[in-house]
Amino acid sequence: MRRRFGRLKLKTEKDPVSELIKTILSQNTSDVTSFRAFDNLKKRFRDWESLRKAKISAIRREIKIAGLSNIKAPRIKDALDEIVRRRGSLDLGFLDKLDTREGYAFLRSIKGVGPKTAAIVLLFSFDRPIMPVDTHIFRVMSRLGFIDQKISREKAQEYLTAASPKGSIKEFHVHIIMHGRQVCTARDPKCTVCNLNKLCKYYKEKVLFQ
């Protein structure tokens, strides 16, 4: 991955609440539209507490571009309400004092926060060694033969977390997503130019011996 895409310098999102909101917005849409929706929220509300207190209709208008606004707007508001209800303030900084398992369990206990969202918050806000599994990572890793296509996303996440290079798991995560978008695409994957094809179960079964 480094030979193809180079080494990546990835910043840590210092505000885990922002990371949580961004990740919910990113569900079932592109980075471009989710980032624009996130920027809309930042411009519309002076802080996340103002967003939490806003009407769902107001949130929905600002994130419409990201799609599924009828689902994402109440999901964001409910998640923020639950954090305040349980912690007394809109702050997830306390997760830094918990181990990865405890932090993951807390995030997963919030309604609407799935395995990928919880893992992304921990990885990108706290540099925890956990491998979020999105559509691209699941596709690439199942084609390579590292995971079974029938495995659940949460089980895939557990396995790939254990198998990933702990010191560079954030970079590895982003590299695999880049590979899934540019090379190992859902349709017409570019198998013949892929520098992983010698390792790839899909390439051997679907391309090389056809």
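**Notebook: odd phis and the big pocket**

Started with Asp 127, which comes out partly exposed, with a relative accessible area of 45%. That value falls short of the over-50% cut-off for exposed, so partly exposed is the right label. Note to self: this is a predicted model.

I then checked where Asp 127 sits, and found it in the loop between α8 and α9. Its backbone caught my eye: phi of Asp 127 is near 55°, a positive value in a residue other than glycine. I flagged that because most residues other than glycine have a negative phi.

Next I looked up Asn 28, another residue other than glycine with a positive phi, here near 60°. Asn 28 belongs to the loop between α2 and α3. Is Asn 28 buried or exposed? I got 69% relative accessibility, and since the cut-off is over 50%, Asn 28 counts as exposed.

Then I turned to pockets. The largest pocket has a volume of about 890 Å³. I pulled its lining and got 31 residues, of which Ser 26, Asp 31, Lys 116, Ile 120 and Asp 134 are the closest to the centre.

Which helices each supply at least two residues of that lining? My list reads α2 (16–26), α3 (31–44), α6 (69–87), α8 (115–126), α9 (135–144), α10 (153–163) and α11 (169–182).

Last, I sorted the lining of the largest pocket by residue type: 12 polar, 10 nonpolar and 9 charged.

Terms used:
Residues numbered from 1 in each chain as written. Predicted model: local features only at pLDDT ≥ 70, side-chain atom pairs only at ≥ 80, totals over all residues. Heavy atoms only, no water. 1 Å grid on protein atoms, 1.4 Å probe; cavity = no way out; pocket = protein on both sides within 12 Å on 5 of 7 lines; lining within 4 Å. Points joined across faces, edges and corners; volume = space filled by probe spheres on them. Helix = DSSP H or I, 4+ residues; strand = E, 2+ residues; numbered from the N terminus. Nonpolar A, V, L, I, M, F, W, Y, C, P; charged D, E, K, R; others polar. Buried < 20%, exposed > 50% of the residue type's maximum accessible area, 1.4 Å probe, protein only.
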